[in-house]
Amino acid sequence: MTVPLALLGLLDREPSYGYDLKRAYDTYFGRGKPLPFGQVYSTLARLARDGKVTAGQSEPGEGPDRKRYSVTPLGKQEVESWLSEPVAAEPFLQTVLFTKVVLALMLGHDAQRYLDLQRATHMRRMRELSEVKRGGVLVDALLADHALFHLEADLRWIDVTTARLGALAETVRRA
């Protein structure tokens, strides 16, 4: 997810102050990684420079003066275009997991040990995500499901690779 497009989408919903945008972003998209205030305002400045948002006049508030940002027609068009395009199918044919297994074999390290450690790490994360799902918040449950499905796929890959580790070791040694 790109921060600029997410902020444009939130502004397309309604004009907002930077603080309100950060709060909405963190509520829906920032699970475990809240958006820093500095990033919000630097992104809004770039979007304004590019003609995708406008900043209203400074308004006095309880703290520093605030500006209400609004999306422009160009910004609306970018959000619509982005929403109409599918996300690239993942994963790609290069993964860190695969790279580590091959390098372990090339360097004479215990690739099976690495796969076992990775399996344990994935299982631990799956337990954590299952707890998140039990929390009952729909947004969190859906995000946890997405992550769990990816982890399940990785675990299947680890099992297949473990079964073929001898053949892979031979292939790597011949290269």
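**Exercise 1.** Determine which residues Val101 touches, not counting residues up to four places away in sequence.

*Solution.* Contact here means heavy atoms within 4.5 Å. On that criterion, Val101 touches Ala111, Tyr114, Leu115, Trp157, Thr161, Leu165 and Leu168. The model is a predicted one, in which local features need pLDDT of at least 70 and side-chain atom pairs count only at pLDDT 80 or more, while totals for chains, interfaces and linings use all residues. Residues are numbered from 1 along each chain as its sequence is written, and side-chain values use heavy atoms, with hydrogens and water left out.

**Exercise 2.** Place Val101 within the largest nonpolar core and identify the elements that build this core.

*Solution.* A nonpolar core is a set of buried Ala, Val, Leu, Ile, Met, Phe, Trp, Tyr and Cys residues joined through side-chain atoms within 4.5 Å. The largest one has 19 residues, and Val101 belongs, with Leu105, Ala111, Leu115, Leu165 and Leu168, to those that touch the most other members. Two or more residues come from each of α5 (96-106), α6 (111-134), α7 (138-163) and α8 (165-174). Another core, of 18 residues, lies apart from it and includes Leu10, Ala24, Leu47 and Tyr69.

**Exercise 3.** Establish whether Thr161 is buried or exposed, and locate its contacts.

*Solution.* Thr161 lies in helix α7; helices are DSSP runs (H or I, at least four residues) numbered from the N terminus. Buried means under 20% relative accessible area and exposed over 50%, with partly exposed in between (1.4 Å probe, protein chains only). The value for Thr161 is 8%, so Thr161 is buried. Beyond its neighbours within four places in sequence, Thr161 is in contact with Val101 and Leu115.

**Exercise 4.** Describe the packing of α1 against α2.

*Solution.* The axes of α1 (residues 3-13) and α2 (residues 18-28) come within 10 Å and cross at roughly 110°. Axes are lines fitted to C-alpha atoms, for helices over the stretch in contact, and angles run from 0 to 180 degrees between N-to-C directions. The two helices are therefore roughly perpendicular to each other, a term covering 65 to 115 degrees. Val3, Ala6, Leu7, Leu10, Leu11 and Arg13 of α1 meet Leu21, Ala24 and Tyr25 of α2. By class, this contact of α1 with α2 has eight nonpolar, no polar and one charged residues; Ala, Val, Leu, Ile, Met, Phe, Trp, Tyr, Cys and Pro count as nonpolar, Asp, Glu, Lys and Arg as charged, and the others, Gly among them, as polar.

Note on methods: Angles under 35 degrees count as roughly parallel, over 145 as roughly antiparallel, 65 to 115 as roughly perpendicular and the rest as oblique.
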